[in-house]
Amino acid sequence: MIAVETIIHVLDLGGTFVFALSGAVAAVNRRLDVLGILVLSFVAGNFGGITRDLLIGAAPPAALTDGHYLLVSVVAGLITFFAYAGVDRLRSPVLLLDAVGLAFFAVAGAQKAIEFGLSPVMSALLGMLTGIGGGMTRDVLLAEIPQVLRADLYAVAALAGASIVVLGDRLGLSYGMSALAGGALCLGLRFMAIQHRWRLPVAHLSAQGRAGVDRSADEGPP
Amino acid sequence: MIAVETIIHVLDLGGTFVFALSGAVAAVNRRLDVLGILVLSFVAGNFGGITRDLLIGAAPPAALTDGHYLLVSVVAGLITFFAYAGVDRLRSPVLLLDAVGLAFFAVAGAQKAIEFGLSPVMSALLGMLTGIGGGMTRDVLLAEIPQVLRADLYAVAALAGASIVVLGDRLGLSYGMSALAGGALCLGLRFMAIQHRWRLPVAHLSAQGRAGVDRSADEGPP
Amino acid sequence: MIAVETIIHVLDLGGTFVFALSGAVAAVNRRLDVLGILVLSFVAGNFGGITRDLLIGAAPPAALTDGHYLLVSVVAGLITFFAYAGVDRLRSPVLLLDAVGLAFFAVAGAQKAIEFGLSPVMSALLGMLTGIGGGMTRDVLLAEIPQVLRADLYAVAALAGASIVVLGDRLGLSYGMSALAGGALCLGLRFMAIQHRWRLPVAHLSAQGRAGVDRSADEGPP
């Protein structure tokens, strides 16, 4: 029992760490100073869970009460600050760890929403939000359209993993089993998407529609 | 009684639907994929109310506990995805529905804040926030300055409608009456503003002031 | 005793006022209309405290229940609207007041977090957030990377001031004393940074690393 909980905590902190790395790398790329890098590390690593906790009414969020989350975020930020070139060269391992983090966050996020009594569909969506929220906030702070809304099945993989956990809960399976299955699905989807450049379809713009895109940005309902 | 509550719920969902359409159209215009479109639909349709609920301490927000809000948001997103050209051609009807949605959100948002014991002035402002918050979050996610802060009396109309509800509450009028009056005022203001291109004044920049605009963006207090 | 509380409240409102001025000036520079200016005033003056209150579970936030905060924000916005050139010419006094506001917010924010039972490290960080949160939200709404993450030790000064309060609390000093010391440190750091253009270091990009910056924006983990 203790072993399982320890594994879960380690995975959670591992997810925070790799997400924090992604925030720190993005901050370095925009030439933020060392404190800006640390802020982006913390935001990318923790704002998915923080947003989920605020939405389900679990204030103060775990990321503020358990100091380990801050610690691994700061460590990730400092490593990136002092060894940016090295971290940047580790692109493939980081992508791998990032997918592991996404899988864990989606699964754990869905489970926490279930425990707080949210409906199955909402629990799956909050699992997805836990996975993608940190990256979304990171990109909003950098004044960019969130990559997680556009990249290689990122949000889809999180949603799929979270849905398995919810489904398992409805079927009465143990959390351990459904978490494993959900995490594996999320991980698998994400890898296949990166490998084969899978993408979700975008809407079809007719010839007129395409001509109207710029116009509509100005004249649409605000 | 049941009839009134049903009408209110239908109007609320109708407002969510048209706001979700605006989010989906904006997402298509930025070439997000289908899941990005659905996320923007949900955000535009529901984040005004979600932000209000978080601020007044009503967690979890209604948009997360009542599945209808998610449903109409997803439907709006899918309709836009599969029939973007059609939705885009319906610009005028959507603008009309958008104004109806704004009116309803502003009125209902103010009433909920009153019920949670906030002061009259704050209740009116939270009504305005309920009306404009979804559009603001949508534009922030798309890395743009929110249109609702610049367009044709949009926020003003919401604030006026919400203020009528608050005033009616202070005068002891029934919610039904003041909601109707507030909604009509919001709707009327918005239509007149669109029709006659009414705008609020912007600040006067002196010759030196204007020259200083770019400079101040860099050197002002951060 | 009453005198101390009055002073604190006046300082708090003073900080709100100067932060609101910064929001209004930024809104005028982007040509927002008068309501957009007022929204930015309120956001810049109050969102640091509002975010802190939501995170520590103190809903509804003080900025929504005490009308004075709204009042001074609106006054700051209107002054800027009617006398932009004048406010813009007062750049140095506003920078001074802004530093005073930052010092007060950081100190008061840390103290409130301590009272709500957060850990010392988190209390110091929430003090920093109280100081920089308003400016961050202001810049996010204007679709820019927050200046507070890049400018002259801004966040560092806030963090230093908040840390002194936390340290004082651990050592059993009176809040008045540690608040004075923390505020003075924040103020002093900020002035030295402005005067001598002190900046925190940015990460070293190797030759390859620098070449990879644009690439990584596209290909990094989302």
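1. **Salt bridges between chains C and B.** Across the interface of chain C and chain B there are zero salt bridges (a side-chain nitrogen of Lys or Arg within 4 Å of a carboxyl oxygen of Asp or Glu). Polar contacts do not fill in. The count of residue pairs in polar contact between chain C and chain B, both at pLDDT 80 or more, is also zero. A polar contact here is a pair of N or O atoms within 3.5 Å; within protein, one must be able to donate a hydrogen and the other to accept it, and residues adjacent in sequence count only if both atoms are side-chain atoms.

2. **Basis of the values.** This is a predicted model: local features need pLDDT of at least 70, side-chain atom pairs count only at pLDDT 80 or more, and totals for chains, interfaces and linings use all residues. Residues are numbered from 1 along each chain as its sequence is written, chains are lettered from A and ligands numbered from 1 in the order in which they are written, and side-chain values use heavy atoms, with hydrogens and water left out.

3. **What chain C brings to chain B.** Contact means heavy atoms within 4.5 Å. By that rule, 40 residues of chain C meet 37 residues of chain B. About 3,300 Å² is buried between chain C and chain B, and carbon and sulfur atoms give 71% of that area. Buried area is the accessible area (1.4 Å probe) that two parts lose on being put together, summed over both. Seven helices of chain C each supply at least two residues to the side that touches chain B: α1 (2-29), α2 (34-56), α3 (62-65), α4 (67-82), α5 (84-89), α6 (91-115) and α7 (120-141). Helices (H or I, at least four residues) and strands (E, at least two) are DSSP runs, numbered from the N terminus. The most comes from α2(C), with nine residues. By type, this side of chain C has 28 nonpolar, four polar and eight charged residues. Nonpolar covers Ala, Val, Leu, Ile, Met, Phe, Trp, Tyr, Cys and Pro; charged covers Asp, Glu, Lys and Arg; the others, Gly among them, are polar.

4. **What chain B brings to chain A.** Here 40 residues of chain B are in contact with 37 residues of chain A. The area buried between chain B and chain A is about 3,300 Å², with 71% from carbon and sulfur atoms. Salt bridges between chain B and chain A number zero. Residue pairs in polar contact, both at pLDDT 80 or more, also come to zero for chain B and chain A. On the side of chain B that touches chain A, at least two residues each come from α1 (2-29), α2 (34-56), α3 (62-65), α4 (67-82), α5 (84-89), α6 (91-115) and α7 (120-141) of chain B. α2(B) gives the most, with nine residues. That side of chain B divides into 28 nonpolar, four polar and eight charged residues.

5. **Fold of chain A.** Chain A has ten helices and zero strands. The pattern along its sequence is α-α-α-α-α-α-α-α-α-α. Of its 222 residues, 58% count as buried. Buried means under 20% relative accessible area, exposed over 50%, and partly exposed in between (1.4 Å probe, protein chains only). Among contacts in chain A with a separation of 6 or more, 73% join residues 24 or more positions apart.

6. **Two backbone outliers to check.** A:Arg31 is not a glycine, yet its phi is positive, at about 65°. A:Arg31 sits in the loop between α1 (2-29) and α2 (34-56) of chain A. A:Arg31 counts as partly exposed because its relative accessibility is 38%. B:Ala143 also has a positive phi, near 60°, in a residue other than glycine. The site of B:Ala143 is the loop between α7 and α8 (154-170) of chain B. With a relative accessible area of 24%, B:Ala143 is partly exposed.

7. **B:Ser123.** This residue belongs to helix α7 of chain B. Its relative accessibility is 0%, so B:Ser123 counts as buried. A polar atom of the B:Ser123 side chain lies 3.3 Å from the backbone oxygen of B:Leu118. Leaving out residues up to four places away in sequence, B:Ser123 touches B:Ala110, B:Ala113, B:Ile114, B:Leu118 and B:Val166.

8. **Aromatic pairs.** Over all chains there are six aromatic pairs. One of them joins B:Phe81 and B:Phe82: the ring centres are 4.9 Å apart and the planes stand at 75°, so the pair is edge-to-face. Rings of Phe, Tyr and Trp (its six-membered ring) pair if their centres lie within 6.5 Å; planes under 30 degrees apart count as stacked, over 60 as edge-to-face and the rest as tilted. B:Phe81 is buried, at 10% relative accessibility, whereas B:Phe82 is exposed, at 67% relative accessible area.
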